[in-house]
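Good morning, and thank you for making time for this presentation. I would ask you to look at the sequence and the model while I speak.

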Amino acid sequence: MTQHVAPARPLAIPCGRVTLPLDRLIPPFFKAAEPQVAADEVDFDAYAGALARQLGALACGLMTFFILAWWPLDLYVIPQTENVEVFAALRVRLLVVVITGLAVFGLGKPSGDGALLTATLCYAAFTAAIGYSLGAAGPAGLQWFADAAIALVPVAFIPLRLRARAVASTLVCVSLLASYFVPYPDNWATPGASSQVSFQVFAVLLSVSIGELWLRVTRHAFFLQRGTARANADLELMTATLTQLVHERTRELEALARHLDALQESERRRIARDLHDDLGQGMTAMRYTLARLEARVSQPNDDLTSLVQQLSGLLDGSTQSLRAVVASLSPRVLEDHGLEAAAEWLVQRVE
């Protein structure tokens, strides 16, 4: 016995007498994309890997520039000499990480899941370098460690799915906290250390939320572009098919028109031939008979002679009309001398 499952009702928010569907409050590009066929999902994963490799290389290049450009400012903005040394060591470690990342993304060119994993590990190493260097500053470094929570947010721009994103964000956060507290356990006794840990957890949740929204936008744009490309391909194929069909039908119509012209010309020639052979010969015979009638009239008779002359005139007019009809149906000059001579003959006839 088949069980019918009722469709899930969309979430709604009661607002007085009106109930607002929660689904309508979310912008279309923030909504989760519908599951696609396996081939499209594989293509999106490949696209996500290529995007992670490009963004990773770009981020490493920009960080290299900013680390080198802002390094001289440490002498002016950090009054304590020992802290200048701490930040110098931090910048050296970060340079090692980002230059290694540039080499991996540029020379290794990872793809697919490999690119996503490489981007995650590179960023975890980046935050570990931050935590370890700030931990060396002791309790005084806690104020900068609080600012390091901002470093957890850019993980959102690694195009990972939700579960993988949660794991990657947690890994980056753990690398930051472990590198700060494990080598320097005395930092845990610093007032406010536990609150900073809770703030790091909040940064992870924020990063996961932003990353999920960004992934939905990316998926929406990817599948929308793919759908548009497929529609354009179908339209081009349909246009080509219709164009070919129009050409074929045009050729068929041209062939039919030529065939009809040939049939019409053939019919005109047959009618002209029948008129010339049958009616023309009959009128010729009538001319001979009339001539014999004129010869047999023994005595002059004005009335009879007038009638014979009238009959002869009518016969001549009918003969000329018949010749004109035959010529208009199928001019002999067209068959014997061609189109140019036939055109000259027609102009003279009209004149």
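**Surface, helices and an aromatic cluster**

The chain has an accessible surface of about 23,400 Å², and carbon and sulfur atoms account for 65% of that area. Please bear in mind throughout that this is a predicted model.

Let me begin with the overall arrangement. The chain contains 11 helices and two strands. Read from the N terminus, the order of the elements is β-β-α-α-α-α-α-α-α-α-α-α-α. The chain has 351 residues, and 29% of them count as buried. As for contacts in the chain with a separation of 6 or more, 75% are between residues 24 or more positions apart.

I turn now to one helix, H7, which covers residues 162-181. What span should its 20 residues have at 1.5 Å a residue? The expected value is 28 Å, and the end C-alpha atoms of H7 are 28 Å apart, so the two agree. A number of residues in H7 are buried, among them Arg165, Ala168, Val172, Cys173, Leu176, Tyr180 and Phe181. As general background, an α-helix has 3.6 residues a turn, so residues three or four places apart point the same way.

Within helix H7 I would single out Ser175. Is Ser175 buried or exposed? Its relative accessibility is 15%, and buried means under 20%, so Ser175 counts as buried. Which residues does Ser175 touch, leaving aside those up to four places away in sequence? They are Ala124, Thr127 and Ala128. With Ala124 there is also a specific atomic approach: the side chain of Ser175 reaches the backbone oxygen of Ala124 at 3.3 Å.

My last topic is the aromatic residues. The structure holds 13 aromatic pairs. One of them is formed by Phe222 and Phe223, whose ring centres are 5.2 Å apart and whose planes stand at 80°, so this pair is edge-to-face. Phe222 and Phe223 are both buried. Together with Phe44 and Tyr47, Phe222 and Phe223 make up one aromatic cluster. Phe44 has a charged partner as well: the charged end of Arg219 sits over the ring of Phe44, at 5.1 Å from the ring centre.

To close, I would leave you with two places to find in the model. The first is Ser175 in helix H7, with its contacts to Ala124, Thr127 and Ala128. The second is the cluster of Phe44, Tyr47, Phe222 and Phe223, where Arg219 places its charged end over the ring of Phe44. Thank you for your attention.

Notes
Residues numbered from 1 in each chain as written. Predicted model: local features only at pLDDT ≥ 70, side-chain atom pairs only at ≥ 80, totals over all residues. Heavy atoms only, no water. Phe/Tyr/Trp six-rings, centres within 6.5 Å; stacked < 30°, edge-to-face > 60°. Buried < 20%, exposed > 50% of the residue type's maximum accessible area, 1.4 Å probe, protein only. Lys NZ or Arg CZ within 6 Å of the ring centre and 35° of its normal. Helix = DSSP H or I, 4+ residues; strand = E, 2+ residues; numbered from the N terminus. Contact = heavy atoms within 4.5 Å. Areas by Shrake-Rupley, 256 points an atom, 1.4 Å probe, with all protein chains shown as cover. Expected span 1.5 Å × (residues − 1). Polar contact = N/O pair within 3.5 Å; in protein donor to acceptor, adjacent residues only side chain to side chain.
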